[in-house]
Amino acid sequence: MNWTDQIDNYCERTDFSYWSEPVNAVTNIAFILSALLVWWLVRRAGRMEWGVGLLLIVLGAIGVGSYLFHTHATGW
């Protein structure tokens, strides 16, 4: 598999344009905003623990990774 080949055989993607899946791409902002909001609330409460921090990193990574997949649609 070539990691730079574009993929278009799933969901509502119909072509290789950047905004071919606008709803999927934009809604990934919710993952990032959720991570930032929970980070702010946990820090404010003074309850930041390593597990919570790890969960917030994963939540943010899901948002960024999913956004990149739904806009670039490549194997990487």
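Of the 76 residues of the protein, 24% count as buried, where buried means under 20% relative accessible area, exposed over 50%, and partly exposed in between (1.4 Å probe, protein chains only). The model is a predicted one, in which local features need a pLDDT of at least 70 and side-chain atom pairs count only at pLDDT 80 or more, while totals for chains, interfaces and linings use all residues. Residues are numbered from 1 along each chain as its sequence is written, and side-chain values use heavy atoms, with hydrogens and water left out. The average pLDDT of the protein is 86, and 91% of the residues score at least 70; pLDDT is the predictor's confidence in each residue, from 0 to 100. The surface that the protein exposes amounts to about 5,500 Å², of which carbon and sulfur atoms supply 69%; accessible areas come from the Shrake-Rupley method with a 1.4 Å probe, and for residues only the protein chains shown count as cover.

The secondary structure consists of three helices and zero strands, helices (H or I, at least four residues) and strands (E, at least two) being DSSP runs numbered from the N terminus. Along the sequence the pattern reads α-α-α. The protein is more spread out than a compact globule, because its radius of gyration is 16 Å, well over the 11 Å that the globule rule gives for 76 residues. The radius of gyration is taken over C-alpha atoms, and the globule rule is 2.2 Å times the number of residues to the power 0.38. The C-alpha trace spans about 45 × 25 × 15 Å along its principal axes. Among contacts with a separation of 6 or more, 70% are accounted for by residues 24 or more positions apart; contact means heavy atoms within 4.5 Å.

Among the elements of the protein, helix α2 (residues 29-45) has the highest mean pLDDT, 95, and α1 the lowest, 86. The 17 residues of α2 should span 24 Å at 1.5 Å a residue, which agrees with the 24 Å between its end C-alpha atoms. The expected span of a helix is 1.5 Å times one less than its number of residues. V42 is located in helix α2 and counts as buried, at 15% relative accessibility. Apart from neighbours within four places in sequence, V42 is in contact with R47, M48 and V52. The C-alpha atoms of V42 and T74 are 35 Å apart in space, with their positions 32 residues apart in sequence. After α2 comes G46, which has a positive phi near 70 degrees.

Helix α3 (residues 50-72) has 23 residues, which at 1.5 Å a residue should span 33 Å; the end C-alpha atoms are 32 Å apart, in agreement. The buried residues of α3 are G53, L56, G60, G63, S66, H70 and T71, and what covers them includes α1 and α2. In general, an α-helix has 3.6 residues a turn, so residues three or four places apart point the same way. Just after α3, A73 takes a positive phi of about 50 degrees.

Two histidines of this helix can be described individually. H70 is found in α3 and counts as buried at 14% relative accessibility. H70 and I7, 63 residues apart in sequence, have C-alpha atoms 10.0 Å apart in space. H72, also placed in helix α3, counts as partly exposed, with a relative accessibility of 28%. Not counting residues up to four places away in sequence, H72 touches Q6 and Y18.

E21 lies in the segment before α1 (22-27) and is buried, with a relative accessible area of 1%. The side chain of E21 makes a polar contact of 2.8 Å with the side chain of H70, and a polar contact of 2.9 Å joins the side chains of E21 and N24. A polar contact is a pair of N or O atoms within 3.5 Å; within protein, one must be able to donate a hydrogen and the other to accept it, and residues adjacent in sequence count only if both atoms are side-chain atoms. The C-alpha atoms of E21 and F69 are separated by 9.9 Å, the two residues being 48 residues apart along the chain. For E21 and H72, 51 residues apart along the chain, the C-alpha separation is 9.9 Å.
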